[in-house]
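I opened a notebook for this structure and wrote down what I looked up, step by step. The sequence and the model come first.

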Amino acid sequence: MVGKSVDLKTFSAKDGLWVAFVVILAILPLIPAFSSNSFRLHVMILILLYASMAQAWNIIGGYCGQVSFGHSVFFGIGAYGAGMAVVTYGATPWPGIIVGMIMAAIVAVIISYPCFKLSGHYFAIATFAIVEIFNRGFLVWDWVGGALGLDYPIIKEGLVNLMWHQSKTGYYYSALVIFVIIFGTVRWLEGHRFGYYMRAVREGQETAESLGVNSAAVKLTAMALSAAMAALCGAFFAQYNLRVDPPMVMSLDTSMKFVLITILGGAGTMLGPLLGASVLIPLQEYTRAFWGGLGGGVDLIIFGVLIILMVVKQPDGMIGLIRDVGKWASNKRAEERN
Amino acid sequence: MSFRMSKGAFWATLAVFLVGVFCFGPGMGQTLAQEKVIKIGTLFPLTGPVATAGQRCQAAVQTAVEIINNKHPELKVPLADQEGILDGYKIVLVHADSQGKPDVGKAEAERLFNQEGVWALIGSYNSSVSKPASLVAERMKRIFMCGASSSAALTQRDMNFFFRLAPTDETESVEFVETLKWLNQKKKANIETIGLIYENSEFGKHAAGEAKKAASAAGLKVVADVPFSPGATNLNSEVQTLKNANPDAVLGALLGADYSLWIRTMKQMAWAPKIAISYCSGYQDPVIAKQLGPDADFFMGSTAYSPQFNVLMPAVGDVEKIFKTKTGGVPFDGDSIQEAVAMLVLAQAIQKAGVLDAEKVAETLHANTWDSPLSLGGKVAFAKGGQNSKAHSVVTQLQGGEYKRIFPEEMADTEIVFPIKPWNQR
Amino acid sequence: METFLQVLIDGILSGMVYALVAAGLCLIWGVMDVINFAHGEYLMVAMYVSYWLGFLVNVDPLVSTIAAGVFIFGLGALTYKLIIRFTIGKPGLVALLATFGLAVFLKNLCMNQFSPNFRILSDTWLGGKTFHIGGIILAVPQLMAAVLALVVVVLLYLLINNTRFGWAVQATAMDRDAAELVGINTERIYILVFGIGGACVGIAGGIMPSYLAVHPEVGSMFGLIAFVCVAMGGFGSIPGAFLSGILVGVVEALAGFYIAPVFKYVAVFGLYLAVVFLRPKGIFGW
């Protein structure tokens, strides 16, 4: 499926589409069908949030080819940054968000430096192990609230506290801003020299090195960037739920979400995370809303089966599905012409 | 894999997004044909590690609703002899699953209020879920009835629409220490040291914190402080640590499977303290005595209800019959019965207030003392912040598979077996 | 000293069981390069098989462990036929995603069918029996599980290294196309490998109800530990997985006792990191 070949450094038709997309998203809450139904708005917020999380992961996991299961650590650090700023220090979350992002990037570099010497599954499992270590560590670390977690007090709503009580519209636009920041960054990376370096490292570290790419530096930079973005999402998650504790943010479950959504949508593509989140999150939320109350985990049984089905039918992810449909459509058009 | 985006792919993505959000929209609060209906939401962990407890709590609320909605003249429970409340209003339950996760619980609470249009919420077992979920209710000025969450912090938030029935871990800790002091006086038990074993979660950590406070106030020394990860594959090092410190008394906060693993590991290591008292959950699970058999004997814990309390709470027996049809024969335990009480007290308050106005009903709840034959002590009253000031529990001991009341003395029905019999002499 | 020996022996015993769980995962992983995320859930299902056999027809776990092994062999083969087959040759994470879905499915199906209640088999042959050597207490069920683990792992090792079938498996693991060319039915090998991998964890799960309560969440932690063991031992190396299983058990026990119980899993995961930082391909990796 061949798109228009355009000069990626300039504003392209493709970017025009993205802008249109974001504008549509921005208008959505103004339509009563969306705004009057807060659950629908909740699902939209989660889609934007998880798409952003997955895109953050996509930087290192998709474009750079380093499959990390450790992103819930960075997500958690971001959440704790915002949470501690509000709960422990009684400030606004903003300085906490910044500190959280920086901390996440620093931690990412420190733990990734030795891990990047590992290849393939050894790396993946090392990141697994790191999540578990952080999880248990935070559970007993009293300064961050330990197992009790941090509970937000009821304080004034608004942008200053990044907290809204009455309606979710504020949260929605915040999520949209995060979405734009992260997708924008990745879009910029795609066209930038650094983006090519990342893909070169993914395709083959030795080859990349022989072409003069410092693969270690590229991977570390990508990881730091990815971690900071994940932390940003984590901070939003804390503000949205008004509570932080280790199992909520720093767990393998959370890590799996990063990976699942990206792979489901299509790793290493810009649309993939959005597609994955648009499918998986409504699936998760609506199956729960419909069947969760029955008890007995019927919703999760269906959720599990659907994941299996989707993966088995379309191992390249949703993006592959769309590509196939596109191929089918253009073939059809070609047939008609003949 | 680099994929140039085409217009088609774009619009397809947007379509997926919109279809995802829009098409599956859950019933926007389906209006029932029947007009006179009060919708009440339940929010319990129906899946995940504590699903057992969550499903029982849900069944308890259903039991209470059955009593309220139908005529049950044979039951000696308020509202049983009439159909519905407020001249014919029936209660309809809308169930939701919190999965034991705070974020899911909060989202479901919002959905229940906004989409399903419930009038009040009952939930949510885990203290960590009750906290954010009740905040949702408080901001919307809706009532949140909390049966079994035990964290004392919940009712220290000065909320107006939050009511909790169960005794807090603070009261329980004090009661445990009182029991130990009583043993020292009466039995010359000579208990000086305490060991703590608790799951490292909101529940366990909070209970342990309160236990330490109460112990140090009474001059007891904590010699072993053993948090563990719930769902562990074994508790060998935990029990070994306790065994080495060899405290006179152990206070435990363990749930279901962890509790049984703890008991069995102690047996395997041929060690037991002189006395072990547990916070409600794991110990008072009605299946424990059956599953562990004689191994469960002589351990103690706080209990708000057990079928052996019939003498104190004669009204429960018949109610329990309804409950058992929903749980496959498992009787009430101290947690689930609190959820039934929560539902009943809420219905009584609505009846008394006479209007479906959350603020009025909340005021009524605060202002009165409620008859509650399903509660130990028979009364319920709420202090500021929503704590049930009449919440009682008794310290019991398992003897021959039955919960025997030991302390306080005026409630006791059996002499304590002290110290715990060594494993090889059972 | 006595305490130290006690802790050490407890660690070795639980380590042997980890080793058996890991051996099954190791085989699948080594041959097919597939991460089976549902491995812990296989264990859970096996425990249920053994529990129900014990509860309904009064078969002791010691016997029904064979049935559990056979059952999980079937479940593994079925998993391959219905799911894994479609993910071979696709990007590595696809299989992981599919088995993650399978794990969610199995866990909740069991919860739905058997309720989340935990269940204990009382009155098993071995249940609660101990014997004493000096001041050291040995729990018979755990000891039996460890012996069984040792036997099965040795058999597995012999099967892979000393039989024609085993050579075919090794050939398939090295190069599927080449193996196909020399007349090996690699599809059948894959099915059998997935089945045998499942059978190992099935046997481990089958004997566990004699000392561990059965509930739908019981497998998760075992699954996680198995991942660590396999990677620590080095991919596809059964002796490696066995050794690191025992190592994990010992480190868990020692750290749990001498540092703090909350840190026992921290120590296990820390150990993995330490090992792979020193030997990036695991202990027996090449």
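The entries below go from whole chains to contacts between chains, and then to single residues.

**Entry 1: the model.** I noted before anything else that this is a predicted model.

**Entry 2: chain B as a whole.** I looked up the secondary structure of chain B and found 13 helices and 14 strands. I then looked up its extent: the C-alpha trace of chain B spans about 75 × 70 × 40 Å along its principal axes. Chain B has a radius of gyration of 23 Å, which agrees with the value near 22 Å for a compact globule of 426 residues. I also wrote down that 61% of the 426 residues in chain B are buried. For the contacts in chain B with a separation of 6 or more, 69% join residues 24 or more positions apart.

**Entry 3: the domains of chain B.** I asked which stretches make up each domain of chain B. The domain assignment gives domain 1 as 37–167 + 311–381 and domain 2 as 170–303 + 393–425. I noted that each domain is written as two stretches of sequence. The C-alpha centres of domain 1 and domain 2 of chain B lie 29 Å apart. Their contact takes 17 residues from domain 1 of chain B and 21 residues from domain 2 of chain B. On the side of domain 1 of chain B that touches domain 2, helix 2 (51–69), helix 4 (127–139) and helix 12 (334–353) of chain B are the elements that give two or more residues. I sorted the residues of that side of domain 1 of chain B and got 9 nonpolar, 6 polar and 2 charged.

**Entry 4: chain B against chain A.** I looked up this contact next, and it takes 48 residues from chain B and 50 residues from chain A. On the side of chain B, the elements that give two or more residues include helix 1 (7–23), strand 2 (90–97) and helix 6 (202–217) of chain B. Which element gives the largest share of this side of chain B? Helix 1 of chain B does, with 11 residues. The side of chain B that touches chain A divides into 20 nonpolar, 16 polar and 12 charged residues.

**Entry 5: chain C as a whole.** I counted 11 helices and 2 strands in chain C. Along the sequence, the pattern of chain C is α-α-α-α-β-β-α-α-α-α-α-α-α. Its radius of gyration is 19 Å, close to the 19 Å that the globule rule gives for 286 residues, so chain C is as compact as a globular protein of that length. The C-alpha trace of chain C spans about 60 × 50 × 35 Å along its principal axes. Of the 286 residues of chain C, 63% count as buried. In chain C, residues 24 or more positions apart account for 77% of the contacts with a separation of 6 or more.

**Entry 6: chain C against chain A.** This contact takes 34 residues from chain C and 33 residues from chain A. Helix 4 (93–114), helix 9 (219–233) and helix 11 (264–278) of chain C each supply at least two residues of the side of chain C that touches chain A. Helix 4 of chain C gives the largest share of that side, 13 residues. The side of chain C divides into 27 nonpolar, 5 polar and 2 charged residues.

**Entry 7: a helix of chain A.** I picked helix 10 (residues 215–241) of chain A, which has 27 residues. From its first C-alpha to its last it reaches 38 Å, close to the 39 Å expected at 1.5 Å a residue. Is helix 10 of chain A mostly covered or mostly exposed? Helix 10 of chain A is mostly covered, with 23 of its 27 residues buried. Leu242(A) follows helix 10 of chain A and has a positive phi, near 55 degrees.

**Entry 8: the largest nonpolar core.** This core has 381 residues, and Ala19(C), Leu20(C), Ala23(C) and Val228(C) touch the most other members. Domain 1 and domain 2 of chain B both give residues to this core, so it lies between them. Leaving out residues up to four places away in sequence, Ala23(C) touches Val153(C), Leu156(C), Cys200(C), Ile238(C), Ala241(C) and Phe242(C).

**Entry 9: Ala241(C).** I followed one of those contacts to Ala241(C), which sits in helix 10 (residues 238–258) of chain C. Why does Ala241(C) count as buried? Ala241(C) counts as buried because it has 34 C-beta neighbours inside 10 Å, and the cut-off for buried is 20 or more. Beyond four places in sequence, Ala241(C) touches residues including Ala19(C), Ala23(C), Cys26(C) and Gly233(C). Ala241(C) and Val228(C) are 13 residues apart in sequence and 9.1 Å apart in space, C-alpha to C-alpha.

Notes
Residues are numbered from 1 along each chain as its sequence is written. Chains are lettered from A and ligands numbered from 1 in the order in which they are written. This is a predicted model: local features need pLDDT of at least 70, side-chain atom pairs count only at pLDDT 80 or more; totals for chains, interfaces and linings use all residues. Domain bounds come from an automatic or database domain assignment. Two residues are in contact if their C-beta atoms, placed from the backbone, lie within 7 Å. Helices (H or I, at least four residues) and strands (E, at least two) are DSSP runs, numbered from the N terminus. Ala, Val, Leu, Ile, Met, Phe, Trp, Tyr, Cys and Pro count as nonpolar, Asp, Glu, Lys and Arg as charged, and the others, Gly among them, as polar. A nonpolar core is a set of buried Ala, Val, Leu, Ile, Met, Phe, Trp, Tyr and Cys residues joined through C-beta atoms within 7 Å. A residue is buried if 20 or more other C-beta atoms lie within 10 Å of its own, exposed if 12 or fewer, and partly exposed in between; C-beta atoms are placed from the backbone. The expected span of a helix is 1.5 Å times one less than its number of residues. The radius of gyration is taken over C-alpha atoms; the globule rule is 2.2 Å times the number of residues to the power 0.38.
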